[in-house]
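Here is a short set of exercises to work through with the structure open beside you. Try each task before reading its solution.

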Amino acid sequence: LLAEQNAFFTDSVPEKLVSSLKKVNEKGSYIKTVSVFDETKGIVLYGKNSFSGSELPSELKKKLYNLQSRNQEIKYVSFNDQGGWIVLYASKGYSHFKVSDDLSAKLKALSNKGSELNKVFFLGDKWIIVYDKHSYASNL
């Protein structure tokens, strides 16, 4: 549970991720979001484009470092059950690995339309995209 700028409460969170949260908290940085993708792995996004995580896939780390080097805001990271992931950045930027063709097509259509991509949630093989202020698209 995140509160205020960088406070948090945890229960049943991977120990390495708790350690990452503590480090970010000690820095006094704004914690943007936390994503957990199994019993041992997760990522903390904080500040404009900083991250800390445990056992992140190498392709994801490369993408995040690339976004940092280009000074892009990293908004959200989400993981699916097949080892895939999505990174949302800037207002309508996205990158993904091992996601369904229909999700990829929908992200492209929304981005091309000028929609602001906010979050993507996975529920098994189902997905939900939250975009603009209060809109969503899904395959539910």
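**Exercise 1. The pocket**

Which strand supplies the largest share of the lining of the largest pocket? Keep in mind that this is a predicted model.

Solution. Step one is to find the pocket: the largest one holds about 200 Å³ of space. Step two is to look around its centre, where the closest of its 14 lining residues are Val 36, Phe 37, Ser 78, Phe 79 and Phe 122. Step three is to trace the lining back to the strands: β3 (31-36), β6 (74-79) and β9 each give at least two residues. The largest share, 4 residues, comes from β6. To finish, sort the lining by character: 9 residues are nonpolar, 4 are polar and 1 is charged.

**Exercise 2. The overall fold**

Work out how many helices and strands the protein chain has, and in what pattern they follow one another.

Solution. Start by counting: the protein chain has 3 helices and 11 strands. Next, read along the sequence, and the pattern is β-β-α-β-β-β-α-β-β-β-α-β-β-β. Then turn to burial: 41% of the 140 residues count as buried. The surface comes next, with about 7,800 Å² exposed, 47% of it supplied by carbon and sulfur atoms. Last, take the contacts in the protein chain with a separation of 6 or more: 29% of them link residues 24 or more positions apart.

**Exercise 3. The nonpolar cores**

Identify the elements that each supply at least two residues of the largest nonpolar core.

Solution. First, locate the core itself: it has 14 residues, and those with the most contacts inside it are Ile 86, Leu 103, Leu 107, Leu 117, Val 120, Phe 122 and Ile 129. Second, assign the core to elements: β7 (85-89), α3 (101-113), β9 (117-123) and β10 (126-131) each contribute at least two residues. Third, zoom in on Ile 129. Apart from neighbours within four places in sequence, Ile 129 has contacts that include Leu 103, Leu 107, Leu 110, Leu 117 and Val 120, as well as Lys 106 and Tyr 136. Finally, look for the second, separate core: this one has 13 residues, including Ile 43, Leu 60, Val 77 and Tyr 89.

**Exercise 4. Buried or exposed?**

Decide how Ser 111, Ile 31, Asn 71 and Lys 98 are classed by accessibility.

Solution. Begin with Ser 111, which sits in helix α3. Its relative accessible area is 11%, so Ser 111 is buried, since the cut-off is under 20%. Beyond its neighbours within four places in sequence, Ser 111 touches Lys 92, Tyr 94 and Leu 117.

Move on to Ile 31 in strand β3. Ile 31 counts as buried because its relative accessibility is 4%. Its C-alpha atom is separated by 6.2 Å from that of Leu 45, 14 residues apart along the chain.

Now take Asn 71, in the loop between α2 (58-69) and β6. With 48% relative accessibility, Asn 71 counts as partly exposed. Lys 98, in the loop between β8 (93-97) and α3, has 51% and therefore counts as exposed, the cut-off being over 50%.

One last step is to check the backbone of these two loop residues. Asn 71 has a positive phi of about 60 degrees although it is not a glycine, and Lys 98, not a glycine either, has a positive phi of about 55 degrees.

Key: Residues numbered from 1 in each chain as written. Predicted model: local features only at pLDDT ≥ 70, side-chain atom pairs only at ≥ 80, totals over all residues. Heavy atoms only, no water. Buried < 20%, exposed > 50% of the residue type's maximum accessible area, 1.4 Å probe, protein only. Contact = heavy atoms within 4.5 Å. Areas by Shrake-Rupley, 256 points an atom, 1.4 Å probe, with all protein chains shown as cover. Core = buried A, V, L, I, M, F, W, Y, C linked by side-chain atoms within 4.5 Å. 1 Å grid on protein atoms, 1.4 Å probe; cavity = no way out; pocket = protein on both sides within 12 Å on 5 of 7 lines; lining within 4 Å. Points joined across faces, edges and corners; volume = space filled by probe spheres on them. Nonpolar A, V, L, I, M, F, W, Y, C, P; charged D, E, K, R; others polar.
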